Amino acid sequence: MLHFAKAHAYGNDFIYVRDEDVAGLACDALARDLCDRHTGIGGDGLILYTPMIAGAAMRLFNADGSRSEVSGNGVRGLAALMMRDGGRTELTIETEAGVKRLEWIARDGARHTFRAAMGLPAGLRQVTVTAAGEQIPLAVMSFGNPQCVTLGPLPDEMRFQRLGPALERHELFPDRTNVEFAHVEAPSSVRILIWERGVGSTTSSGTGSCAALIAAAAFGGASRDADVIAPGGRQRVEWRDDSVYLTGWAEVVFEGKWLRG
């Protein structure tokens with residue numbers, strides 16, 4: 001029996017398992033099994049974690065079994081899991097994209113709100129690529145994980161489903177990329193759709209929200225401090241000199257046991 005917890009932030013959901021409990025298992029296959037929404041628990045990713053005095057360390061597998069360096073919402077879900085015992089106002093989550101420091105802001109029922117220091121973008125630039133038969137202007141960067149953002153009116157569902165996978169697997173991105181479609185509604189408001197690497201369409205993305213704000217502020221007329229609104233809800237992103245800060249909630253929705261086949 002494999003003990004697990006399920007948590008989400010704005011519908012972007014993850015399965016959490018203690019790292020020590022999967023020793024000797026093929027974690028890519030385990031992620032595919034657990035994350036399957038028809039035959040498994042269902043989730044956008046599997047996070048293997050080790051509790052630590054200051055918080056936890058984590059490894060992330062996408063729903064398709066591929067690896068990812070970090071997830072902003074996944075980090076926050078793990079912080080919510082660590083908050084079950086209470087008594088903390090600051091947590092540190094060690095990821096493969098570096099250490100993320102979270103400040104606990106508030107609790108509303110099971111939902112914990114955090115302000116997380118997510119780091120700074122690297123390699124921010126504009127390029128134009130051809131994908132799915134279209135010329136697409138992009139802002140690309142590393143934000144601990146690869147990100148590309150296209151600014152403008154949001155695509156309809158058919159175009160989103162066509163461009164999302166085409167951009168994710170474009171030759172410009174040898175390790176594939178996360179994709180955000182971002183529309184600057186006002187300097188203080190950016191609306192996005194997300195196509196996540198190794199997952200597909202998601203209701204929210206923490207790192208994707210940060211990348212969308214960075215692109216919108218650098219190239220689209222948005223403020224460096226704005227609300228980023230995904231289908232799952234609104235998060236606050238602040239692009240400061242020392243870090244990009246992400247504020248939003250996460251909650252643990254249930255815990256259980258998985259019978260390993």
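Strand S6, which covers residues 90-95, pairs with strand S7, residues 98-108, in the antiparallel sense over six bridges; here strands are DSSP runs of E with at least two residues, numbered from the N terminus, and two strands pair if DSSP finds at least two bridges between them. This is a predicted model, in which local features need pLDDT of at least 70 and side-chain atom pairs count only at pLDDT 80 or more, while totals for chains, interfaces and linings use all residues. Residues are numbered from 1 along each chain as its sequence is written, and side-chain values use heavy atoms, with hydrogens and water left out.

Within the first pairing, threonine 92 stands opposite arginine 101 in S7, and S6 and S7 form a hairpin with two residues between them. Strand S7 is also joined by seven bridges to strand S8 (residues 111-117), and these two run antiparallel, with alanine 106 opposite threonine 113 in S8. The hairpin of S7 and S8 has two residues between the strands, and glycine 109 there takes a positive phi near 65°.

A positive phi is also found in two residues other than glycine, set out below with their accessibility (buried means under 20% relative accessible area, exposed over 50%, partly exposed in between, with a 1.4 Å probe and protein chains only).

| Residue | Phi | Loop between | Relative accessible area |
|---|---|---|---|
| Tyrosine 10 | near 60° | S1 (2-9) and S2 (12-18) | 8%, buried |
| Alanine 132 | about 50° | S9 (122-131) and S10 (134-142) | 38%, partly exposed |

Glutamine 235 has its place in strand S16, residues 233-239, and it counts as buried because its relative accessibility is 1%. Its side chain makes a polar contact with the side chain of serine 204 at 3.1 Å; such a contact is a pair of N or O atoms within 3.5 Å, where within protein one must be able to donate a hydrogen and the other to accept it, and residues adjacent in sequence count only if both atoms are side-chain atoms.

Rolling a probe the size of a water molecule over the atoms shows where empty space is left. A cavity is a set of points, on a 1 Å grid over the protein atoms alone, where a 1.4 Å probe fits but cannot get out, and lining residues have an atom within 4 Å of a point. The count comes to one cavity of 30 Å³ or more, and about 80 Å³ of space lies in the largest cavity, a volume being the space filled by probe spheres set on the points, which are joined across faces, edges and corners. Its lining includes Phe14, Asn62, Glu196 and Arg197.

Key. Helix = DSSP H or I, 4+ residues; strand = E, 2+ residues; numbered from the N terminus. 1 Å grid on protein atoms, 1.4 Å probe; cavity = no way out; pocket = protein on both sides within 12 Å on 5 of 7 lines; lining within 4 Å.
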